[in-house]
Amino acid sequence: MVKKGMLIVLSGPSGVGKGTVRKALFEEPDADFSYSISMTTRQPRPGERDGIDYYFVSKEEFEENIRNGEMLEYAKYVDNYYGTPLKYVNQTLESGQDVFLEIEVNGAMQVRAVAPDAVFVFLTPPDLIELKHRLIGRGTDDMSVIDKRIKQAATEIRMMRNYDYAVVNDQVDNAVEAIKTIIKSERLRVTRVMPEYESMLGDD
Ligand SMILES: Nc1nc2c(ncn2[C@@H]2O[C@H](COP(=O)(O)OP(=O)(O)O)[C@@H](O)[C@H]2O)c(=O)[nH]1
Ligand SMILES: Nc1ncnc2c1ncn2[C@@H]1O[C@H](COP(=O)(O)OP(=O)(O)O)[C@@H](O)[C@H]1O
């Protein structure tokens, strides 16, 4: 039987650096997992491309996908829908490849309910002042949106205890190393038995 891939879920408040850390992680030479592109009703930011950063859809299209059972999970976040298309995740896991999701906390808990073997990592800022600085520094959202995101961050950080791991994004390199270590170790744990040991241990 082909070994199924592992699902890795990264959450964290808006502006903590999830996108930055994820992109750095995928540039590592030994990165052998796939990124699941989310669907959203939010407007694209300058430079964002449909089918690369997100699948940008209308509210009607998103709701149609929900009705048809085509989402692994979805949530409303600051006035917009965000969700993970089920088909890509299933197909990729079935092919034996690990899949990486970058999603907010309510969606992550939905994934936990259907995929308890998934690995849940929460990326946290050094503090909330720094979080606000990063959101302002990114320059993609106006102040009213930033305030909503900061408010949401407090709720999200309280959810950190429901995750398997917390990683502080003080420096991108540190966070990338920490996540790489978690993934390596979890791959062994999910496999349960290292191939080298199989013949020695025999059947259960
Ligand atoms: N539940 C869920 N959340 C998502 C998904 N895709 C993105 N998000 C989250 O939605 C929130 C807002 O995303 P976005 O508007 O791109 O802002 P950013 O994270 O600050 O760049 C973030 O917490 C994302 O992690 C998804 O497919 N499902
Ligand atoms: N470790 C870090 N130290 C300082 N700035 C960071 C760090 N990680 C990310 N940033 C910056 O913070 C802003 C938000 O990062 P981003 O990856 O867009 O966050 P998220 O995807 O979590 O919303 C960006 O301007 C990014 O360059």
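Modeller: Let's start with a rule: two strands pair if DSSP finds at least two bridges between them. Keep in mind that this is a predicted model. Now take strand S1 (residues 7-11) and strand S8 (residues 119-124): 4 bridges join S1 to S8, and the two run parallel.

Colleague: OK, and what do strands of a sheet pair through?

Modeller: Strands of a sheet pair through backbone hydrogen bonds, and they can do that either parallel or antiparallel. For a concrete spot here, look at Leu-10: its bridge partner in S8 is Val-121.

Colleague: Which other strand do bridges join to S8?

Modeller: That would be strand S9 (residues 165-168), joined to S8 by 4 bridges and again running parallel. To find the place, look for Thr-124, which stands opposite Val-168 in S9.

Colleague: Is S8 mostly covered or mostly open?

Modeller: The test is a count: a residue is buried if 20 or more other C-beta atoms lie within 10 Å of its own. By that test S8 is mostly covered, with 6 of its 6 residues buried. Both of its faces are covered: Val-119, Val-121 and Leu-123 are buried on one side, and Phe-120, Phe-122 and Thr-124 on the other. Across the protein, buried residues make up 30% of the 204 residues.

Colleague: Before we go further, what confidence values come with this model?

Modeller: The mean pLDDT of the protein is 92, and 92% of its residues reach 70 or more. For the complex, the predictor gives an ipTM of 0.97 and a pTM of 0.93.

Colleague: And how many helices and strands does the protein have?

Modeller: There are 8 helices and 9 strands. The radius of gyration is 18 Å, close to the 17 Å that the globule rule gives for 204 residues, so the protein is as compact as a globular protein of that length. Along its principal axes the C-alpha trace spans about 60 × 40 × 30 Å.

Colleague: What does UniProt place on this chain?

Modeller: An unreviewed UniProt entry puts the feature "domain: Guanylate kinase-like" at residues 5-184. In the model, the end C-alpha atoms of that span lie 13 Å apart, and the span is 43% helix and 22% strand.

Colleague: How do I read an open sheet, and in what order do its strands come?

Modeller: Read across it, strand by strand. Here 4 strands form an open sheet in the order S4-S3-S6-S5, with mixed pairing. The edge strands are strand S4 (55-56) and S5, each of which pairs on one side only. Further in, 2 bridges join strand S3 (residues 39-40) to S6, and these run antiparallel. Met-39 is the residue to look for, since it stands opposite Gly-83 in S6.

Colleague: What do S5 and S6 form together?

Modeller: A hairpin, with 2 residues between the strands; Val-78 in the turn has a positive phi of about 40°. S5 and S6 run antiparallel and are joined by 6 bridges, and Lys-76 stands opposite Tyr-81 in S6. Although S5 is an edge strand, it is mostly covered, with 5 of its 7 residues buried.

Colleague: Which residues come closest to ligand 1?

Modeller: The closest of the 17 residues that surround ligand 1 are Ser-14, Ser-38, Tyr-82, Ile-103 and Gly-107. The elements that give two or more residues to this shell are helix H1 (18-26), strand S5 (71-77) and strand S6 (80-85). S5 gives the most, with 4 residues. By type, the shell divides into 5 nonpolar, 7 polar and 5 charged residues.

Colleague: And which residues come nearest to ligand 2?

Modeller: Of the 14 residues around ligand 2, the nearest are Gly-17, Lys-18, Gly-19, Thr-20 and Arg-134. H1 turns up again, since H1 and helix H5 (128-138) are the elements that give two or more residues to this shell. The split here is 2 nonpolar, 9 polar and 3 charged.

Colleague: One last residue: does Ser-58 count as buried or exposed?

Modeller: Count its neighbours again: a residue is exposed if 12 or fewer other C-beta atoms lie within 10 Å of its own. Ser-58 counts as exposed because it has 9 C-beta neighbours inside 10 Å. You'll find Ser-58 in the loop between S4 and helix H2 (59-67). Ser-58 and Tyr-81 are 23 residues apart in sequence and 9.5 Å apart in space, C-alpha to C-alpha.

Notes: Residues numbered from 1 in each chain as written. Chains lettered and ligands numbered in written order. Predicted model: local features only at pLDDT ≥ 70, side-chain atom pairs only at ≥ 80, totals over all residues. pLDDT = per-residue confidence, 0-100. Near = placed C-beta within 6 Å. Nonpolar A, V, L, I, M, F, W, Y, C, P; charged D, E, K, R; others polar. UniProt positions renumbered as here; feature names shortened; annotations may be inferred. Rg over C-alpha atoms; globule rule 2.2 N^0.38 Å.
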